[in-house]
Amino acid sequence: MTIPRFWREFEHRYRLIGTKCPSCGRVYFPPRDVCPYCHRESVGKMQKYELKNTGKIYSFTVVYQDIPDFKELKPYIMAIVEMDDGPKITGQIVDASPEEIKIGMPVKAVFRRIREESPSGIIEYGYKFVPI
Amino acid sequence: MQNSRVKLRWVSKMRDVVIIGAGQTKFGEHWEKSLRELAVEAGLRAIEDAGIYSKDIDAIYGGNMSAGSSTFQDNIGTLIADFTGLAINNIPAIRVENGSASGAAALHEGFIAVASGIYDTVLVGGVEKLTDVPMENITDVISGEIDREWEAFNGSTLAASAAMIARRYMYEYNAKREHIAYIPVISHRHGSLNPYAHYKNTIKIEDVLNSTIVADPLTMLDCAPISDGASAVILTTMENAKKLKNDGIVRIKASTLASDFISLHSRDNITSFRSTIEASRKAYKMAKLEPKDISFVELHDAYSIFGMIALEDLGFFRKGEAGKYLEEGYGNLDSKLPINPSGGLKAKGHPLGATGVGQVVESVFQLRKQADKRQVSDPRYALTHSMSGAGGSSIIHILEVV
């Protein structure tokens, strides 16, 4: 990922900044410029919204595939987390072993290293989740 | 059944579109053939089958998902026009990209073009050359179908998406892991009878369960293989077709496409594909048919769970009940609902862009009763289901032999 492509998402990846539709009150992560339910009512009015970092596991898997970016982590736990603020987020579960993970388990988002561009490139950080 | 937002005002005004030719390469590893050679081979077979000359073709629609990201070759429409020998006549040629459903999307576009009267006869093809992609990149190329920034960036893959769907499905419906393994078993049984299939071996439920884990709970045998291949059909108007042939004309009764949120996390429910529900409801309405009228179905079983959920979303079984029916023997060639007589994506193979057109090629062979050992007895209506990503879009075709 080039620096601009990563840089422009800093606040979303680092601080879980999503958007909220002022018309219906739904919260979105990742951020959206248009609310899929309110359409024109929401255009130009979507507000930044910082999500609380807590949620529950909605579903998960343990990935055994060979992906260059995540080779050293294999196998790793991938999950969809339903945040207490509403939206669901896809992220890894860390500091836990696969056997203890269950649907419905409470987790919180933490700031972690995700991948690196290349041995001499930027290190890309973002959110992962840990059991509470 | 949700109320479909179907607008079909135009149906009464459009022309009848039929398939007069179908052909494909074998799906599998074609180390000896390039992308363009595969596409030309399939295209020529379809033209020959139709009994027309290449000068009779007004336009080319070609489905391809990954040539750019996998081999740095773009402008596929022009490339294929060139090497089929048609660029010399300046034929209009367009590449259509819609993830794994690229081929079916190309067919949808070709259908619209002929139905509307813009073109009379079009060549619709699909091609993918995945063995030219370095092995370490292949998962990443396929993950181009999901949200790169908010799913793949964090480590998710298409297989991981399928696995999370499977886990949630088992949780919500109390489904057994074994139930999810039926589709690959059926696909392999039928694929073993298909000379075009990538894999000819039959497998058992235990083989699926005990295979190498890809993304828990899914194993290697829950996942379609990485295949090369190409497929093509010739579309024209009913009027033209009747001048050429007396029998074996296959009418496209319905061609529909529907989308959904690309990422799983944006959907309220991941155990059902809204895109499949919407596209199929629209298709049944367009064809004036119901699920019970369908003679056989070609499913998008890129992952076993996708095929299983699709059976429910297409209206064949109620939610959570597909496993029970599969256990009872539904899906076999001699059952009430034969599934994937071709071998499906799992055994026939899954050359992304070629897959959707390949399902239709198989359906044409079946409806004309040219499917030899894998022939479904007396089929009347075929339904093909193609999907991009983890249900990001679905494309349905209903075909009828006339």
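Which residues does the domain assignment of chain B give to domain 1, and which to domain 2?

**View 1. The two domains of chain B in the predicted model.** The assignment places residues 9–135 + 227–244 in domain 1 and residues 155–224 + 254–401 in domain 2, and the centres of these domains, taken over C-alpha atoms, are separated by 23 Å. Their contact draws 37 residues from domain 1 of chain B and 30 residues from domain 2 of chain B.

**View 2. The side of domain 1 of chain B that touches domain 2 of chain B.** Strand E1 (17–24), H4, strand E4 (122–129) and strand E7 (228–237) of chain B each supply at least two residues of this side, the largest share, eight residues, coming from H4(B). By class, the residues of this side divide into 17 nonpolar, 17 polar and three charged.

**View 3. Helix H4 (residues 102–116) and helix H15 (residues 352–367) of chain B.** The two axes come within 5 Å and cross at roughly 60°, which means that H4(B) is oblique to H15(B). Among the residues making the contact are B:Ser102, B:Gly103 and B:Leu107 of H4(B) and B:Leu352, B:Gly358 and B:Val360 of H15(B); by class, the contact has seven nonpolar, six polar and no charged residues.

**View 4. The contact between chain A and chain B.** Here 24 residues of chain A are in contact with 26 residues of chain B, and on the side of chain A, strand E4 (54–63), strand E5 (76–83) and strand E6 (88–93) each supply at least two residues. That side has 14 nonpolar, seven polar and three charged residues.

**View 5. Strand pairing between the chains.** E4(A) and strand E5 (residues 213–216) of chain B run antiparallel and are joined by two bridges, with B:Ala215 in E5(B) as the bridge partner of A:Val63.

How values were computed: Residues are numbered from 1 along each chain as its sequence is written. Chains are lettered from A and ligands numbered from 1 in the order in which they are written. This is a predicted model: local features need pLDDT of at least 70, side-chain atom pairs count only at pLDDT 80 or more; totals for chains, interfaces and linings use all residues. Axes are lines fitted to C-alpha atoms, for helices over the stretch in contact, and angles run from 0 to 180 degrees between N-to-C directions. Helices (H or I, at least four residues) and strands (E, at least two) are DSSP runs, numbered from the N terminus. Angles under 35 degrees count as roughly parallel, over 145 as roughly antiparallel, 65 to 115 as roughly perpendicular and the rest as oblique. Two residues are in contact if their C-beta atoms, placed from the backbone, lie within 7 Å. Ala, Val, Leu, Ile, Met, Phe, Trp, Tyr, Cys and Pro count as nonpolar, Asp, Glu, Lys and Arg as charged, and the others, Gly among them, as polar. Two strands pair if DSSP finds at least two bridges between them. Domain bounds come from an automatic or database domain assignment.
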